[in-house]
Structure formats: C-alpha cells, structure tokens
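Visitor: I am new to protein models, and I would like to learn how to read one feature at a time. Could you take me through it slowly?

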Amino acid sequence: MLHLDYRDARPIYEQVKDGLRKLVVTGAIREGEKLPSVRTLAGTLAINPNTIQKAYEALEAEGYVYSVPGKGSFAAPHSGVDTRRREQLLEQLDGLVKELGYLGMSAEDVCGHIREKEGENHD
C-alpha cells in the first residue's frame, strides 16, 4: 500500500499524505472507500499515530478525504477537489518552469519532458 523512505528529505507525514493522495487519484482507493484507521495504518507502517492523523487532516484540508465522526476517514468525491488541486499544482509548475529556465532548460525541453511523462501514464 504505502512505502516510506527514511532517506527521503520529506517528513514522514508528507510521504504518507502523498502516498495516500496517489492511491486516491489513481483509483486504488475508490470514492467513498474507507481508509485504514489511524491506529491500523500507524501499526502497519510502525510509526506514531499522530503522524497518520496529521496526514489525514492535510488530505481532508485538500479535499481528498472526509471524516465521519465515529466511523473513520473516507475517500472524497472528486468534484470540487480537481479544480482547486489543479490550481495549486499549476502554481507549483510555474515556479518549476521558471527555475528550469534559469538552469538552462528550454520551454521545448520542458514540454518534451511533460509529453514523455504523459506517455508513460497511458501505458
């Protein structure tokens, strides 16, 4: 399900958050499907439950997850999340494109890289 890399510079909660987000976006966790409980996932990953709770709260703030008191956390419907998340990602992309340009990469090279990655996603 999730893989943690302790050599990764990102905090563990971000790795958990990103991993769960990827599972939701790719459909591995379907809309309305219950996520593992905080305690269960913490036990599986051998990390502090507070770390999992922080990741779940961040995903809820992003709109990928919703909580039902006493029931747990569930994958949220995609409506509404998509537009907001696209805007966030495009802002990040803007900064990356500027930095890549500063490092000497042309717009054509950036577009070529994007096309290459898009092709990998369709395989």
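Guide: Let us begin with the parts list. The protein has five helices and two strands, and when these are read along the sequence they follow the pattern α-α-α-β-β-α-α. Please keep in mind throughout that this is a predicted model.

Visitor: What are the dimensions of the box that the C-alpha atoms fill?

Guide: Taken along the principal axes, the C-alpha atoms of the protein fill a box of roughly 50 × 35 × 25 Å. The protein exposes about 8500 Å², and carbon and sulfur atoms supply 53% of that area.

Visitor: Since the model is predicted, where is confidence highest, and where is it lowest?

Guide: The score to look at is pLDDT, the predictor's confidence in each residue on a scale from 0 to 100. The protein averages a pLDDT of 89, and 94% of the residues score at least 70. Confidence is highest in H2, with a mean of 96, and lowest in H4, with a mean of 84.

Visitor: How do I decide whether a residue is buried or exposed?

Guide: You compare its relative accessible area with two cut-offs: under 20% is buried, over 50% is exposed, and anything in between is partly exposed. Of the 123 residues of the protein, 28% count as buried. Glycine 63, in the loop between H3 and strand E1 (65–68), has a relative accessible area of 12% and is therefore buried. Glutamine 15, which lies in helix H1, has a relative accessibility of 6%, so it counts as buried too.

Visitor: Which residues does glutamine 15 touch, if I leave out those up to four places away in sequence?

Guide: With those left out, glutamine 15 touches His3, Leu4, Asp5, Asp8 and Arg10. As an exercise in comparing distance along the chain with distance in space, take glutamine 15 and glycine 63, which are 48 residues apart along the chain and whose C-alpha atoms are separated by 17 Å. For the protein as a whole, among contacts between residues at least 6 apart in sequence, 46% join residues at least 24 apart.

Visitor: What should I look for when I search for a nonpolar core?

Guide: In soluble globular proteins, nonpolar side chains tend to be buried together. Here the largest nonpolar core has 20 residues, of which Val16, Leu20, Leu41, Leu45 and Ile52 touch the most other members. The elements that give two or more residues to this core are helix H1 (12–25), helix H2 (38–45) and helix H3 (49–62). Leucine 45 makes a good example, for, leaving aside its neighbours within four places in sequence, it is in contact with Leu2, Leu4, Tyr6, Val16 and Ile52.

Visitor: Which residues make the nonpolar surface patch?

Guide: A nonpolar patch of about 780 Å² on the surface is made by Leu90, Leu93, Leu96, Val97, Leu100, Tyr102, Leu103 and Ile114. Helix H4 (residues 81–102) gives the most to this patch, with six residues. Valine 97 is placed in helix H4, and because its relative accessibility is 37%, it counts as partly exposed.

Visitor: How many salt bridges does the structure hold, and how should I read one?

Guide: The structure holds seven salt bridges, and for each one you can ask how far apart the charged atoms are, how exposed the partners are, and where they sit in the chain. The side chains of aspartate 5 and arginine 7 meet in one of 3.8 Å, N to O. At 28% relative accessibility, aspartate 5 counts as partly exposed, whereas arginine 7, at 79%, counts as exposed. Another salt bridge, of 3.9 Å, N to O, brings together the side chains of glutamate 33 and arginine 30; here glutamate 33 is partly exposed at 27%, while arginine 30 is exposed at 56%.

Visitor: Which helices hold lysine 17 and glutamate 62?

Guide: The side chains of lysine 17 and glutamate 62 meet in a salt bridge of 3.7 Å, N to O. This pair links distant parts of the chain, since lysine 17 is in helix H1 and glutamate 62 is in helix H3, 45 residues apart. Lysine 17 is buried, and so is glutamate 62. Both belong to a network of salt bridges that links Asp8, Arg10, Lys17, Asp18, Arg21 and Glu62.

Technical notes: Residues are numbered from 1 along each chain as its sequence is written. This is a predicted model: local features need pLDDT of at least 70, side-chain atom pairs count only at pLDDT 80 or more; totals for chains, interfaces and linings use all residues. Side-chain values use heavy atoms; hydrogens and water are left out. A nonpolar core is a set of buried Ala, Val, Leu, Ile, Met, Phe, Trp, Tyr and Cys residues joined through side-chain atoms within 4.5 Å. Buried means under 20% relative accessible area, exposed over 50%, partly exposed in between (1.4 Å probe, protein chains only). Helices (H or I, at least four residues) and strands (E, at least two) are DSSP runs, numbered from the N terminus. Contact means heavy atoms within 4.5 Å. Patches are made of residues with over 30% relative accessible area and no salt bridge: like charges are joined within 9 Å, nonpolar side chains (Val, Leu, Ile, Met, Phe, Trp, Tyr) within 5 Å. Accessible areas come from the Shrake-Rupley method with a 1.4 Å probe; for residues, only the protein chains shown count as cover. A salt bridge is a side-chain nitrogen of Lys or Arg within 4 Å of a carboxyl oxygen of Asp or Glu.
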